[in-house]
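Trainee: Could you take me through one part of this structure up close? I would like to see how a single strand sits among its neighbours, and then what surrounds it.

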Amino acid sequence: MRADLEIGGARVSSPIWLAPLAGVTTRTFRDFHKKLGAALVHTEMISAVGLSYKNKRTRRLIGDEGEGGPIALQLFSPDAASLAKGAAIALGLRRFDALEINMACPMPKVAKKGSGASLLGRPDVAGEMVSALKPFGLPAWVKMRILDQASAAASSATERFCETILAAGADLVMIHGRTAAQRYEGAADKEKVREVATLFPGRVAASGDYYAPEDAALYLDGGCVAVLAARGVLRDEFLIPKTLRALGYETPRNLTDPTAGDVANAIVALGREGLENEGERFTLVLVKRMLAGLFKGFPGAAVIRADCAACRDWASLEETLLRVDLHPSCLQQ
Ligand SMILES: Cc1cc2nc3c(=O)[nH]c(=O)nc-3n(C[C@H](O)[C@H](O)[C@H](O)COP(=O)(O)O)c2cc1C
């Protein structure tokens with residue numbers, strides 16, 4: 001058993017965390033990855049302004065007090081006043097372990113309204129937003145992108161932005177190693193994230209192209225204090241336990257070397273919880289989004305995936321998954 005770590009003001013069992021993923025990191029997905037070992041999970045980005053307008057859907061994204069384990073609330077907002085108002089409303093609804101500002105989302109519907117990655121161009125406002133979170137007494141975090149480094153003058157823009165938000169009181173900065181212009185394309189610049197982490201020891205967590213345990217190890221060896229699992233867990237739902245084992249944490253075998261039956265059982269459990277929490281439509285979409293990575297390496301995986309993809313309701317998808325152990329090609333494994 002290892003002692004808890006303190007990272008960015010939060011107590012966590014390891015540096016391997018679940019990233020915020022809009023439309024994915026719902027209560028069910030968060031619970032699923034907590035069981036698999038994620039030491040901290042994120043809500044998806046939630047509109048601070050939407051919370052003030054008592055928007056029902058926005059409030060549902062907050063989840064409820066019954067949810068255990070370390071969790072960070074991620075908010076997006078164009079200014080400090082609406083951010084503070086939204087944070088106060090959210091904390092009136094439930095407990096969170098950290099408050100995080102999204103300064104990373106490049107999508108026009110967010111960035112064009114002055115939130116997300118557009119804040120990278122307004123460091124003064126970004127700093128004010130961090131300061132506005134401090135009175136809540138929780139760790140104040142920022143998730144950002146690396147800035148454009150095309151010219152020599154711009155080569156340290158990421159460092160300067162980090163300096164501003166850390167000086168404003170941010171306890172941790174999560175850096176996604178792509179520029180906003182890259183959106184989700186091209187390779188993440190892991191070297192740049194490691195460089196910035198070296199400059200601000202203990203204050204930088206990493207995001208970008210974490211698909212295998214070695215990717216997380218590279219970030220951690222480079223001075224990052226935590227690593228966020230994002231699309232990697234959609235390709236391999238057991239990425240977090242596999243990473244924990246590679247880092248020397250004790251991890252049950254059925255999580256690090258799952259049989260086809262272990263995989264099927266895990267997804268069935270996720271689906272059953274999803275039915276309760278988010279309903280059948282969402283659950284089907286979520287599980288089908290994970291299909292490409294399911295049963296990787298097992299003979300007959302393509303057939304099982306195709307059978308699952310053809311299911312039109314949860315009952316038949318569950319039945320297909322539960323038949324997996326009996327699937328002759330799986331028995332060869
Ligand atoms: C579908 C999807 C939704 C995302 N939603 C959010 C979000 O709500 N907040 C946020 O800060 N980042 C969001 N991200 C970015 C991820 O958290 C992560 O930083 C990014 O995908 C880079 O990691 P990866 O290359 O390992 O996927 C999202 C990414 C994807 C693919």
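Mentor: Let's start with a pair of residues: L73 has L99 of strand β7 as its bridge partner. The model we are looking at is predicted, so please read everything here as computed from that model. L73's side of the pairing is strand β6, residues 71-76, which runs parallel to β7 over 4 bridges. Now look at the opposite pairing: strand β8, residues 140-145, also pairs with β7 in the parallel sense, over 5 bridges. There the partner of I101 is V142 in β8.

What about the surroundings of β7? The strand covers residues 98-103, and 6 of its 6 residues are buried, so the rest of the structure largely encloses it. In a regular strand, side chains alternate between the two faces of the sheet. You can follow this here: A98, E100 and N102 point one way from β7, while L99, I101 and M103 point the other way, and all are buried.

Next, trace the path from β6 to β7. Together with helix α4, residues 80-93, these two strands make a right-handed β-α-β unit. Pause at G86, which lies in that helix. G86 counts as buried because its relative accessibility is 0%, and the cut-off for buried is under 20%. Leaving aside residues up to four places away in sequence, G86 touches A48, L51, S52 and L75. By contrast, G8 is 22 Å from G86, C-alpha to C-alpha, with their positions 78 residues apart in sequence.

Burial is found in a helix too. Helix α1, residues 27-35, has 7 of its 9 residues buried, so it is largely enclosed by the rest of the structure. The buried ones are T28, F29, R30, D31, F32, H33 and K34. After α1 comes G37, with a positive phi near 120°. Several charged residues of this region join a network of salt bridges made up of R27, R30, D31, K34, D64, E67 and R94.

That brings us to salt bridges more widely, of which the structure holds 18. One of them joins the side chains of D209 and R178, at 2.5 Å from N to O. D209 is in the loop between β10 (204-207) and α9 (213-221), and R178 is in the loop between β9 (172-176) and α8 (190-199), so this pair ties together parts 31 residues apart in sequence. Both partners are buried, D209 at 17% relative accessibility and R178 at 2%. Another salt bridge joins R272 and E318, again with 2.5 Å from N to O. This one links distant parts of the chain, with R272 in helix α13 (residues 260-277) and E318 in helix α16 (residues 314-322), 46 residues apart. Here R272 is partly exposed, at 45%, whereas E318 is buried, at 15%.

Finally, a word on the cysteines: the count of disulfides is 0. The sulfur of C162 is 11 Å from the closest cysteine sulfur, in C224, which is too far for a bond. C311 is in no disulfide either, as the nearest cysteine sulfur, in C308, is 5.8 Å away. C162 is buried, at 0% relative accessibility, and C311 is buried as well, at 7%.

How values were computed:
Residues are numbered from 1 along each chain as its sequence is written. This is a predicted model: local features need pLDDT of at least 70, side-chain atom pairs count only at pLDDT 80 or more; totals for chains, interfaces and linings use all residues. Side-chain values use heavy atoms; hydrogens and water are left out. Buried means under 20% relative accessible area, exposed over 50%, partly exposed in between (1.4 Å probe, protein chains only). A disulfide is a pair of cysteine sulfur atoms within 2.5 Å. Two strands pair if DSSP finds at least two bridges between them. A crossover is right-handed if, with the strands pointing away from the viewer, the path from the first strand over the helix to the second runs clockwise. Contact means heavy atoms within 4.5 Å. A salt bridge is a side-chain nitrogen of Lys or Arg within 4 Å of a carboxyl oxygen of Asp or Glu.
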